[in-house]
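Welcome! Open your viewer, switch on side chains, and let's take a short walk past some aromatic rings.

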Amino acid sequence: MPKLGDEYEDLRKTVEAFARDVVAPVIGDFYEREEFPYDIVRQMGAMGLFGLPIPEEHGGMGGDYFALCLALEELARVDSSVAITLEAAVSLGAMPIYRFGTDAQRAEWLPRLAAGEALGAFGLTEPGGGSDVPGGMRTTAVLDGDEWVINGSKAFITNSGTDITGVVGVAAITGSRADGRPEISTILVPSGTPGFTVSKKYSKVGWNASDTRELSFSDCRVPSANLLGERGRGYAQFLQTLDEGRVAIAALSVGLAQGCVDECLRYVRERQAFGHPIGHYQAIQFKIADMETRTHTARLAYYHAAERMLAGEPFKKEAAIAKLVSSNAAMDNARDATQIFGGYGFMNEYPVGRFYRDAKILEIGEGTSEVQRMLIARELGLADL
Ligand SMILES: Cc1cc2nc3c(=O)[nH]c(=O)nc-3n(C[C@H](O)[C@H](O)[C@H](O)COP(=O)(O)OP(=O)(O)OC[C@H]3O[C@@H](n4cnc5c(N)ncnc54)[C@H](O)[C@@H]3O)c2cc1C
């Protein structure tokens with residue numbers, strides 16, 4: 001494991017303490033009430049977490065993407081709803097504006113997004129499909145004078161309907177390319193724009209203190225200047241955004257996997273059966289050894305992907321491997337941790353029950369495990385056989 005430099009380690013410890021002292025005592029209640037934790041998010045904003053990888057000139061902390069990953073890991077050790085709120089806001093909401101936006105778009109949005117005063121969202125998935133994005137996309141944007149007119153709908157969009165949601169990047173078909181495939185562009189749609197409707201929150205299996213909604217656009221008009229970057233670059237933009245996002249989701253998954261280890265190490269010392277703490281029994285010890293092994297190897301995988309990303313080296317395959325390995329680790333650890341807790345593992349008052357419900361989506365969101373395998377196989381040159 002590479003040793004973290006002082007700045008990274010200070011950040012890691014700060015977020016670890018925040019998660020333990022501020023998030024852990026209250027988040028279970030928010031989760032049960034399916035309520036968005038505005039005050040926790042406000043405090044995360046005040047700490048600068050939403051601006052970690054954004055330069056200071058845009059109101060951020062001037063750190064990098066690995067710093068964001070460390071923060072996500074520490075938050076997810078305690079709770080994944082707050083972690084995904086941060087991940088989606090930064091990785092999917094703010095970073096595309098920073099990477100591809102015009103000076104005016106950056107000036108308008110980044111200071112508020114970096115401060116956590118406004119949340120960003122990214123609308124790619126549609127009711128008709130998320131894995132095959134061009135094939136499933138029906139949302140269109142037509143240029144009418146100096147306005148885009150958007151029609152269509154989006155499914156499962158994180159952070160899209162909170163009281164502080166500021167802007168959604170909407171991927172839409174804006175024409176046809178020379179090869180007959182759809183031309184896809186990203187258009188920034190501020191919350192509250194007429195014709196842009198946000199449905200009520202989904203009832204979800206997990207991530208219950210996070211905000212996920214269906215969006216619909218009916219003759220929704222925004223200025224032509226809301227086009228993000230160049231027309232027709234939407235597909236390339238979201239491929240890059242998702243490569244980075246997979247490293248972030250891998251970090252979040254490692255956090256959940258580590259949280260399972262943390263909880264079990266405590267519990268197996270206390271819980272007695274047949275005259276011993278249950279941690280005395282090798283069957284339990286081996287389970288925890290396997291959990292630790294998965295967490296450790298998954299962490300190495302995301303550190304490696306992040307290192308290549310920050311060095312400007314190709315990292316698509318490494319990001320897919322990190323996401324695949326770490327979401328498996330999260331899922332396996334959550335199942336084992338719940339087993340170790342016995343009946344209490346099935347009770348919502350214990351964090352492992354929450355971990356169990358939160359783990360599954362990690363094998364689905366920002367590219368399913370099948371999609372990660374497709375990407376890895378493609379990078380190995382197997383796509384054109
Ligand atoms: C809580 C939550 C939050 C989300 N947040 C966002 C967000 O903020 N923004 C956003 O744009 N999206 C978001 N999503 C959507 C998410 O990224 C998609 O659900 C995911 O990409 C899968 O797409 P799908 O659900 O349409 O499944 P489908 O694409 O319909 O896939 C169904 C199944 O078929 C498999 N499959 C598909 N193609 C193949 C193939 N060629 N070979 C083998 N198997 C295949 C898939 O792996 C999957 O198992 C979110 C989803 C959830 C549940």
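Begin with Phe-66: this residue is buried, with a relative accessible area of 8%. Keep in mind throughout that you are looking at a predicted model.

Now add Tyr-8 to your selection. Tyr-8 is partly exposed, and its relative accessible area is 24%. Turn the view until both rings are visible: Tyr-8 and Phe-66 make an edge-to-face aromatic pair, with 5.0 Å from centre to centre and 85 degrees between the planes. Next, colour the two helices involved. Tyr-8 belongs to helix 1 (residues 6–33) and Phe-66 to helix 3 (residues 65–76), so their pairing ties together parts that are 58 residues apart in sequence.

Which residues join Tyr-8 and Phe-66 in one aromatic cluster? Select Tyr-302 and Tyr-303, and you have the cluster on screen.

For another arrangement of rings, move to Phe-196 and Phe-217. Here the aromatic pair is stacked, with 5.0 Å between centres and 10 degrees between the planes. Phe-196 sits in strand 6 (residues 196–198) and Phe-217 in strand 7 (residues 212–223), so you are seeing a link between distant parts of the chain, 21 residues apart. Are these two rings' residues buried or exposed? Both Phe-196 and Phe-217 are buried.

Finally, look for charges beside rings. Select Arg-33 with Phe-30: the arginine lies over the face of Phe-30, at 5.1 Å from the ring centre. Then select Arg-354 with Tyr-31, where the charged end of Arg-354 sits over the tyrosine ring, 5.8 Å from its centre.

If you would like to keep exploring, the model holds a count of 11 aromatic pairs.

How values were computed:
Residues are numbered from 1 along each chain as its sequence is written. This is a predicted model: local features need pLDDT of at least 70, side-chain atom pairs count only at pLDDT 80 or more; totals for chains, interfaces and linings use all residues. Side-chain values use heavy atoms; hydrogens and water are left out. Rings of Phe, Tyr and Trp (its six-membered ring) pair if their centres lie within 6.5 Å; planes under 30 degrees apart count as stacked, over 60 as edge-to-face and the rest as tilted. Helices (H or I, at least four residues) and strands (E, at least two) are DSSP runs, numbered from the N terminus. Buried means under 20% relative accessible area, exposed over 50%, partly exposed in between (1.4 Å probe, protein chains only). A charge sits over a ring if NZ of Lys or CZ of Arg is within 6 Å of the ring centre and within 35 degrees of the ring normal.
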